[in-house]
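Please open the model in your viewer with the cartoon and side chains available, and follow the selections below in order.

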Amino acid sequence: MGRNKRPLWTGGPGPDEMTSERRPRVSSPVWTGTSGKRPERSGKRPEREAKKKKKRFSPEGKMEPFQVGGDQDESVAHSAVEEDEFTPKSPISMPYIPDELNDPTAHPATLAAFNEAHVKYKAKLSRRYGLFSLPPQLKLASSCLFNHRHLLPIRESAQKAVLHAAKSIIRLSSSVDGKLLANCCGLWIKWDEDSKTGIVLTTAHLIRSNHPTENHWEGKDEYNIKSKVIVHLLDGNTADGHYLYHQEHYDLAFFKVRVDEEVEVPHFSVSMNCGQDVFRLGRDDHMILRITHGSVEYLNPGSDERHHYMYFYHQKDDSLSHQRHDDRLPNKNNDDYLCDDDGGSIIDLDGKVAGLVNKHLEESFVPSSILDKCVDLWCKFRCIPRLHLGMTFISIKLLDPIHIEMMCRMYKIEDGRWPYCSRGVKRIACRETWNLPW
């Protein structure tokens, strides 16, 4: 060994056993694995040390090749665990099998593994879709606030109003002896924090078991107050609805529901004018919100209808004149997506309830002026009393201007309500609208 060459420690006597006379200056001897534990080196080199840890050494200090058998499986499993520690999670990927392996006769095990992986893939995909608000299997038609360009001037305010009012709209279903009776929408009007119960207002059509005639004044409708009522909540759960009270003249019904979380109670609109922009809100069988734009119609109730009815007017033909030059016209099938059930809400652009749909012969609804008084009476007296005057009334301002002008010339009356009966119009009028629920 020359003087200028460094000796390598080959596993003989340790460096500490060498005499001081012939001990060379060795800074980092090469370890061959024969003297036990490898000496630690100063400094931190995590990447280099991680690579060295993956090497397998034999007792003689040489690299040990992989052997067929249990040792190989253990080493592969060990390396797989180490790789999982450093490999990031991959996104959901669709399993793939080559055509030459897609043969159940020649490669049954491969095909079985592929089918198992495909089942897991579909399950992961379903869980991912569950994170979103809308189920992927539902093909929803666009609402009027999305594809009607003539609503652009009011879209922002209307969208806020709709989303706010939708928090109070739920769905109810009734049945008798397991047979479906009716489906209706409803809205929360009260919630008690101590008892964790809410009060739902809906139409009395929910428990109406017999409707032999369209003439309300004959009073032949029958109601089953023992009907089983199920309330479909916004979180997807259901609860039993307990009957409290119903009023046939105003087509209203009240139910008590057990609900743990606080519900959104809407506000009633103070006033409403004919021709005003309103939206009709409801929910379908999947609890998806349905939105229909319309206006309050200039129309008096017919002789067979209650005189307090007001009417919702909707332009059913979506291909309006000012939309014919648009790049994309709304789908005419959107008219099939209207909420046809009773109990839906009519709201204004402030998100306040302007009426409750009861859909008699036309798109009728009970206005908020009636609802507010009825709810107040029920909360105070647990009933809604009503005087039977034997007369019905129509609004003078909703008549044809020709008739209004004639009444003004003959009777000096321009506004108010005109009492009439089925035999003919009585020449009686009042100058002011009565401030009563009837």
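Begin by selecting Ser-364, which lies in strand 14, the stretch of residues 364–367, and bear in mind throughout that this is a predicted model. Ser-364 counts as buried because its relative accessible area is 0%, under the 20% that marks the limit for that class. Show its side chain together with that of Asn-358, and you will find the two joined by a polar contact of 2.8 Å. If you then display the surroundings of Ser-364, leaving aside neighbours within four places in sequence, the residues in contact with it are Tyr-309, Met-310, Tyr-311, Val-357, Asn-358 and Lys-359.

Widen the selection next to the barrel, in which strand 14 takes part: six strands close in the order 9-10-11-14-13-12, with antiparallel pairing. From one strand to the next, the twist averages 40°. Within this barrel, select strand 9 (residues 277–283) and strand 10, which pair in the antiparallel sense over seven bridges; to place one of these pairs of residues, pick Leu-281, whose bridge partner in strand 10 is Ile-291.

Two helices can now be added to the view. Helix 5 (residues 155–165) lies across strand 9, strand 10 and strand 12 (345–347), and it runs at about 35° to strand 9. Helix 6 lies across strand 13 and strand 14, and here the angle to strand 14 is about 55°.

Stay with helix 6, residues 368–381, whose 14 residues reach 20 Å from the first C-alpha to the last, close to the 20 Å expected at 1.5 Å a residue. Colour its buried residues, which are Ser-368, Ile-370, Leu-371, Cys-374, Val-375, Leu-377 and Trp-378, and then show what they pack against, namely strand 2, strand 3, strand 7 (238–247), strand 8 (252–258), strand 13 (353–357) and strand 14. Just past the helix, select Arg-382, which follows helix 6 and has a positive phi, near 60°.

Since strand 2 and strand 3 are among the elements packed against helix 6, move to them now. Strand 2 (residues 179–192) pairs with strand 1 (residues 169–176) in the antiparallel sense over eight bridges, and within this pairing Arg-171 stands opposite Cys-185 in strand 2. The two strands form a hairpin with two residues between them, and Asp-177 in the turn has a positive phi of about 55°. Strand 2 also pairs with strand 3 (residues 197–203), again antiparallel, over six bridges; here the residue to pick is Gly-186, which stands opposite Thr-202 in strand 3. This second hairpin has four residues between its strands, and Lys-196 in its turn shows a positive phi of about 55°.

Return to the barrel strands for one loop: Ser-303 is found between strand 10 (289–296) and strand 11 (310–313). Is Ser-303 buried, partly exposed or exposed? It counts as partly exposed, because its relative accessibility is 49%. Add Ile-394 to the selection, and the C-alpha atoms of the two residues, 91 residues apart along the chain, turn out to be separated by 9.8 Å.

Finally, zoom out to the whole protein, which contains seven helices and 17 strands. Of its 438 residues, 37% are buried, and the accessible surface comes to about 28800 Å², with 51% of that belonging to carbon and sulfur atoms. Among contacts with a separation of 6 or more, 55% are between residues 24 or more positions apart.

How values were computed: Residues numbered from 1 in each chain as written. Predicted model: local features only at pLDDT ≥ 70, side-chain atom pairs only at ≥ 80, totals over all residues. Heavy atoms only, no water. Buried < 20%, exposed > 50% of the residue type's maximum accessible area, 1.4 Å probe, protein only. Polar contact = N/O pair within 3.5 Å; in protein donor to acceptor, adjacent residues only side chain to side chain. Contact = heavy atoms within 4.5 Å. Areas by Shrake-Rupley, 256 points an atom, 1.4 Å probe, with all protein chains shown as cover. Pairing = 2+ DSSP bridges. Expected span 1.5 Å × (residues − 1). Axes fitted to C-alpha atoms, helices over the stretch in contact; angles between N-to-C directions.
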